[in-house]
Protein chains: 2
Amino acid sequence: MTPLNAQWRLAARPLGVPKPSDWEYVEEPVPEPADGQCLVKLEYLSLDPAMRGWMNEGRSYVPPVEIGEVMRAGGLGRVVESRHPDYGAGELVSGVFGVQQYALSDGKGVQRVDPTLAPAPVYLGTLGMTGLTAYFGLLDIGRPQPGQTVVVSGAAGAVGSVAGQIARINGCRVVGIAGGPEKCEWITEELGFDAAIDYKRGDLRAQLREQTPDGVDVYFDNVGGETLDEVLRRLARGARVVICGAISQYCAEQPPKGPANYMQLLVMRASMTGFLVFDFAERYPEGIAQLGQWLASGELRSREDVVTGGLERFPEAFLMLFRGENTGKLILQLTEAAA
Amino acid sequence: MTPLNAQWRLAARPLGVPKPSDWEYVEEPVPEPADGQCLVKLEYLSLDPAMRGWMNEGRSYVPPVEIGEVMRAGGLGRVVESRHPDYGAGELVSGVFGVQQYALSDGKGVQRVDPTLAPAPVYLGTLGMTGLTAYFGLLDIGRPQPGQTVVVSGAAGAVGSVAGQIARINGCRVVGIAGGPEKCEWITEELGFDAAIDYKRGDLRAQLREQTPDGVDVYFDNVGGETLDEVLRRLARGARVVICGAISQYCAEQPPKGPANYMQLLVMRASMTGFLVFDFAERYPEGIAQLGQWLASGELRSREDVVTGGLERFPEAFLMLFRGENTGKLILQLTEAAA
């Protein structure tokens, strides 16, 4: 019997929150690698808010996923067959393999993974694009100085939890904004944030005022919307706002709400800067080495929120991101073995 | 008969567009300078959009003008009596003297003016805070490179007209956004902008697309609102958005509209940065020297829109700014002599 490759292909461009029917579950024969290709059997899928943007038409930093195309996603798996000079059968690799069980790869963007240094899922999170996004976004764009106040939204999410810890390691006062007491307790008790703001408790303005008495020097924004607007009111002079994401707006059916308080950038001689981790590709080795060292020393903690049940659960697992149901890096496990 | 000092004092905090009754016209005896002070008889008043912000309560880069206080404004006048060591009677000076005929000054922020180098009103415009704002905002915050595309809004206004010319002098393609055919003709025919966009003609998006085929590398924004949002859609990779002002929003009765397309900052790895000219005070001599040299060589043209009729006309003259009725620097002449 020919083994089958299960895939989720984009079936429709969602308006607002995606529905399971926006993808189509397809099974086709597992392909054969051509010369220069390897075949990867995926074990873990990275679930990221940015994937929602890839489903939209229009100008962005990568082309949209086309209708009928396998949904784009990062993943981690094992080379099962190879006609590629650099990757041999049995090796563990990460890359943008798509939402499918098997992927052909020409090696572009593929990283070798060493599971003896960290559990495999960590390579999709803290030692992957997630950790690198936090590392370069916070340090290169945010440029925090010791003693400064750094506010991170989406602080219990994959990127935010790492960004906040890097700020702490760099001697900053770190305030995380997260939803619910459990996440808030996790970032303060486990991750060493100085304070947490539970936006679900309401009166974000008063909570921010209380936790940032000297204003905000760096704001690492993953959520946008009202949270961004409220933090703008608290900027300190010369503040840097790092635009990493805007998860509160990705599923909005209306055009996104812009930050009405953006003129605080003028009042406070502040900047708001967007970035993409891909632009730092040449420095990935530096980032991975530093993140790995912090992980090894225990200064940095990594948490993966691994959903089991296999590829079929992709649509529902993906939506957890937009309901704030994950803590740390959301990962879909594709193997039946325990994580 | 004791000479009288006419003043406009703030009477009420306006909601939206100021009314004449938001100020009170007062006459009081001309004060006597104390030791260390000089008395300035004002000849020209600088009318600036920022003055609208100074009428509001709340946190900003300067304290608000208090109710009952003389309205704050820059001006230029002659020292008529002096007990100040640095300024003698007869000297022409500029400074923040307020909306009044006579002002006492302790010399703080006062600049000596040489009317043999340029007509006096130019020292409130291109050779004053206006020109310096354009100079440092464009060059230090915008950092345009030769060959890049620079878009300036409020391009026929005091700051915009200078910023656009500095971009042209620096070898950029300069596109100005202004209201009406006369202003558009002025900036292209007289000031050497490469293109003008008349926002009153409608379809700003299509006009921008046509005039910025390679995208926008630097956007020098004086207006905010819809214009900012539309230019964000045109940003080139690594673009710099300079937030100099937001005149379209200063008289809004609703909370200002934020730039809904701000996530283009992420897509294009772009920044949006606010600034205040005051932070460049140590470099004013450099700016004035350069602006003066460009003026002298004819590379830079300065236009002052001088309203006559004296101090009594302040409220109506000020409102011209918000109706887009001025071209170049709006100045109220306080003397009866011809400008």
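Is A:R269 buried or exposed, going by its relative accessible area? A:R269 is buried, with a relative accessible area of 18%; here buried means under 20%, exposed over 50% and partly exposed in between, using a 1.4 Å probe and protein chains only.

A word on the ground rules. This is a predicted model, in which local features need pLDDT of at least 70 and side-chain atom pairs count only at pLDDT 80 or more, while totals for chains, interfaces and linings use all residues. Residues are numbered from 1 along each chain as its sequence is written, chains are lettered from A and ligands numbered from 1 in the order in which they are written, and side-chain values use heavy atoms, leaving out hydrogens and water.

**How the chains relate**

Chain B lands on chain A after a rotation of 180° with 0.0 Å of shift along the axis, at an RMSD of 0.0 Å. The two copies are thus related as by a two-fold rotation axis. In chain B, B:G258 has the C-alpha nearest that axis, at 2.1 Å. The superposition is a least-squares fit on the C-alpha atoms of residues with pLDDT of at least 70 in both copies. As for the interface, 100% of the interface residues of chain B are also interface residues in chain A, so the copies meet through the same surface.

**Arginine 269 and two other residues**

A:R269 sits in the loop between α8 (264–267) and β13 (271–274) of chain A. Its phi is positive, about 50°, although A:R269 is not a glycine. Helices here are DSSP runs of H or I with at least four residues, strands are runs of E with at least two, and both are numbered from the N terminus.

Over in chain B, B:R269 lies in the loop between α8 (264–267) and β13 (271–274). The side chain of B:R269 has a polar atom 3.1 Å from the backbone oxygen of B:V267. Leaving aside neighbours within four places in sequence, B:R269 is in contact (heavy atoms within 4.5 Å) with residues including A:Y61, A:F275 and A:D279 from chain A, and B:R237 and B:Q264 from chain B.

B:D203 also has a positive phi without being a glycine, about 45°, and lies in the loop between β10 (195–198) and α5 (204–211) of chain B.

B:E286 is in helix α9 (residues 284–297) of chain B. Past four places in sequence, B:E286 touches B:Y135 and B:F136. The side chains of B:E286 and B:Y135 share a polar contact of 2.8 Å; that term covers N or O pairs within 3.5 Å, where within protein one atom must be able to donate a hydrogen and the other to accept it, and residues adjacent in sequence count only if both atoms are side-chain atoms.

| Residue | Relative accessibility | Class |
|---|---|---|
| B:R269 | 17% | buried |
| B:E286 | 35% | partly exposed |
| B:D203 | 53% | exposed |

**Helices α5 and α6**

In chain A, α5 (residues 204–211) and α6 (residues 225–232) pack at about 45°, with axes 10 Å apart. That makes α5(A) oblique to α6(A); angles under 35 degrees count as roughly parallel, over 145 as roughly antiparallel, 65 to 115 as roughly perpendicular and the rest as oblique. A:L204, A:R205 and A:L208 of α5(A) meet A:T227, A:E230 and A:V231 of α6(A).

In chain B, 7 of the 8 residues of α6 (residues 225–232) are buried, so that helix is largely enclosed by the rest of the structure. Among them are B:L228, B:D229 and B:L232.

Methods. Axes are lines fitted to C-alpha atoms, for helices over the stretch in contact, and angles run from 0 to 180 degrees between N-to-C directions.
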